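Thank you all for making the time this morning. I would like to walk you through one structure, going slowly and keeping to what can be read from it.

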Amino acid sequence: MRLNDERESSNIEDQRGSGGGGGRPLKIGGIGGVLLILGALYFGVDPQVVFNLLEGGGSSSPQVTAQAPTAQDDAGKQFIGRVLASTEDVWTTYFQAMGRTYHEPHLVLFSGGVNSACGYAQTSVGPFYCPTDQKVYLDLAFFQELQNRLGAGGDFARAYVIAHEVGHHVQNELGIMDRVAHLRTQEAENGAGGLSVRTELQADCFAGVWAKRADDAKRILETGDIEEGINAAAAVGDDRLQKEMQGRVVPDSFTHGTSAQRVGWFRRGLASGDIHQCDTFSAPQL
């Protein structure tokens, strides 16, 4: 990616080294919670442990030892700052064209564990967006897992992860999360065609919209970048993760969509640059 000349976002909160200090169990519920379940699968954590946290069960959160940032981490922070700034530019312009104001999210870097408005989380839950405080939470260690364990390396793979989480913030800004929360009382949340899958696939599509518009504006993409993003989207499909973790695929427990679906909706946003093409909730076939 061509980001060397891009500005860095001022909306980075660096809490690395604090260790999070423990606190009340993570209780996001609904949309935010399914992000953490997938994060557990990323890191090989028993999802039931995360379910217990989401329900407020179990003992108080354990203390964790955080590592001091390294030079490599600082380079990672700079990259994240530039990607986040790019999302700010794209979505601010897009919202202005709709006659709306885009409120930029903050991105919290942490190591080991962190307290959010949604509760306490450890690194093992992976990146997540908390709609309560409108912040994205990320431990840089996740990118090593993405590359080493899931085989999805490269700078655009990392950018895709950030853009996907920001995509959830865009959903929040557009009122989609509130509408989904209302629908949860009427429709199934999990499963191959459930609300969680549709929410996640839309965030993938929004990530594609960002990439398309950012590249149109500043030519940030290089040869091979799109392939890295597609590889990352495929790597985190429910079917692929379930097959790896438990040797079988259970569509009724899907929360994020299959590899093919994630790639398909990311491509859709990338091709169109139009959020109206990302209406997963009306799509009869995902």
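Let me begin with the charged side chains, where Glu6, Arg7, Glu88, Asp89 and Lys218 are linked in a network of salt bridges. Please keep in mind that this is a predicted model, and that the count of salt bridges comes to 11.

Within that network, arginine 7 and glutamate 88 meet through their side chains in a salt bridge of 3.0 Å, N to O, and this pair links distant parts of the chain, since arginine 7 sits in the segment before strand 1 while glutamate 88 belongs to helix 3, residues 71-97, 81 residues away. Arginine 7 also forms a salt bridge with aspartate 89, with the closest N and O atoms 2.9 Å apart; because arginine 7 lies in the segment before strand 1 and aspartate 89 in helix 3, this pair ties together parts that are 82 residues apart in sequence.

Are these three residues buried, partly exposed or exposed? Glutamate 88 is buried, with a relative accessible area of 2%, whereas arginine 7 is partly exposed at 37% and aspartate 89 is partly exposed at 27%.

A further salt bridge joins the side chains of aspartate 215 and arginine 219 at 3.5 Å, N to O, and aspartate 215 is buried, with a relative accessible area of 15%.

Turning to the strands, there is an open sheet of 4 strands in the order 1-2-6-5, with mixed pairing, whose edge strands are strand 1 (12-14) and strand 5 (128-130). Strand 2, residues 106-109, pairs with strand 6, residues 135-138, in the parallel sense over 4 bridges, and valine 108 has tyrosine 137 in strand 6 as its bridge partner.

Notes. Residues are numbered from 1 along each chain as its sequence is written. This is a predicted model: local features need pLDDT of at least 70, side-chain atom pairs count only at pLDDT 80 or more; totals for chains, interfaces and linings use all residues. Side-chain values use heavy atoms; hydrogens and water are left out. Two strands pair if DSSP finds at least two bridges between them. Helices (H or I, at least four residues) and strands (E, at least two) are DSSP runs, numbered from the N terminus. A salt bridge is a side-chain nitrogen of Lys or Arg within 4 Å of a carboxyl oxygen of Asp or Glu. Buried means under 20% relative accessible area, exposed over 50%, partly exposed in between (1.4 Å probe, protein chains only).
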